Amino acid sequence: MPTLDELKRKHPEIRPDFTIDQHWERYSAAEHGVWKTLFERQSKVLPGRACSEFMAGLKNLHLGPDQIPDFERASDTLEKLTGWRTVAVPSLVPDDIFFDHLANRRFPVGQFIRRPDQLDYIEEPDAFHDFFGHVPMLAHPVFADYMEAYGKGGQRALKEFGKLKNLARLYWYTVEFGLIEKPEGLRIYGSGIVSSRAESIYAVESPSPNRIHFDLERVMRTDYRIDDFQESYFVISSFDELFQETYKDFAALYRKLESGPNYKPGDVLAVDRVHTRGSHTYVGGSHAAV
Ligand code: HBI
Ligand code: FE
């Protein structure tokens, strides 16, 4: 994670909250071209795989293939819908800064866009991952509330030594890689999936990953991998369920998390409610890893 001083060389105007100016006019035609290629690829694979709430967000924010969005202009539209705005950042920012932005309905968006040779995977969140992947869901009122609550939960977690790991897992398995159950089948809402062509197909259709119904403690005990497709995805029934499930007093849960197991990404427990494509089979029994 670069420090403010290191970033100052490249972004002299960087502010203490790690925000910078987007300088939309400085993007080259080649950079707008990368956005266009990625946007058009996802427009082909997401219908029938991304949830309707995500697709509605894309439309309501008037996002299109032709150009990288002007963050300030798109924020004026977003703010009218849910009170959220986006702020340009150089890339990953420190956790405390990140949580403070979320707690105040500001979503940090990478100002840079990946190079043409990085189309399929990029380490740090760029403008496409953040704006195309995350921002459309912020136009959904309940998800917008969830993200603010997450930011506030993160600020509290920073004060509880070692609890950030549990909270980062919650973010990972919902905001980044979450699936939602719909009458017509499982659909994607996680940003890490919707911004990746291959994983958009894999997450919904491949027989190999586990698809486990969301349970807050189960997710907070489950490790994740950052360098490959997920071995398990967690499935919610609705965004209300996600919000209700997490709008709890975490103190008691953090006490519980101080002991007991952590699970590997690929574990499936006897007590897990496992989803198969289009339906789910409940497997009762003890809380023992198989
Ligand atoms: N910074 N810009 C940016 N984007 C993120 O998604 C992000 C971050 N800093 C920290 C962070 N995510 C993770 O630690 C969260 O899980 C808390
Ligand atoms: Fe992300």
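How far is a nitrogen atom of ligand 1 from a polar backbone atom of Val-93? In this predicted model, the gap is 2.8 Å, which fits a polar contact (a pair of N or O atoms within 3.5 Å). Backbone help also comes from Ser-91, with a polar atom 3.1 Å from a nitrogen atom of the ligand. On the side-chain front, Asp-95 puts a polar atom 2.8 Å from an oxygen atom of ligand 1. The protein covers 87% of the 390 Å² of accessible area that ligand 1 has on its own (Shrake-Rupley method, 1.4 Å probe).

Now for the neighbours. The shell around ligand 1 (residues with a heavy atom within 4 Å) includes Leu-92, Phe-98, Phe-99 and Tyr-150. By class, it holds seven nonpolar residues, one polar and one charged, with Ala, Val, Leu, Ile, Met, Phe, Trp, Tyr, Cys and Pro counted as nonpolar, Asp, Glu, Lys and Arg as charged, and the others, Gly among them, as polar. H5 gives the largest share, three residues.

As for the metal, the iron ion (ligand 2) is held by His-129 (NE2), His-134 (NE2) and Glu-176 (OE), at 1.9 to 2.1 Å. Donors here are N, O and S atoms within 2.8 Å of the metal (3.2 Å for Na, K and Ca); water is not among the atoms, so the site may look incomplete. His-129 sits in helix H6 (residues 127–134) and Glu-176 in helix H8, so this pair ties together parts 47 residues apart in sequence. Helices are DSSP runs (H or I) of at least four residues, numbered from the N terminus.

Residues are numbered from 1 along each chain as its sequence is written, while chains are lettered from A and ligands numbered from 1 in the order in which they are written. Local features need pLDDT of at least 70 and side-chain atom pairs count only at pLDDT 80 or more, whereas totals for chains, interfaces and linings use all residues; side-chain values use heavy atoms, with hydrogens and water left out.

How values were computed:
A polar contact is a pair of N or O atoms within 3.5 Å; within protein, one must be able to donate a hydrogen and the other to accept it, and residues adjacent in sequence count only if both atoms are side-chain atoms. Helices (H or I, at least four residues) and strands (E, at least two) are DSSP runs, numbered from the N terminus.
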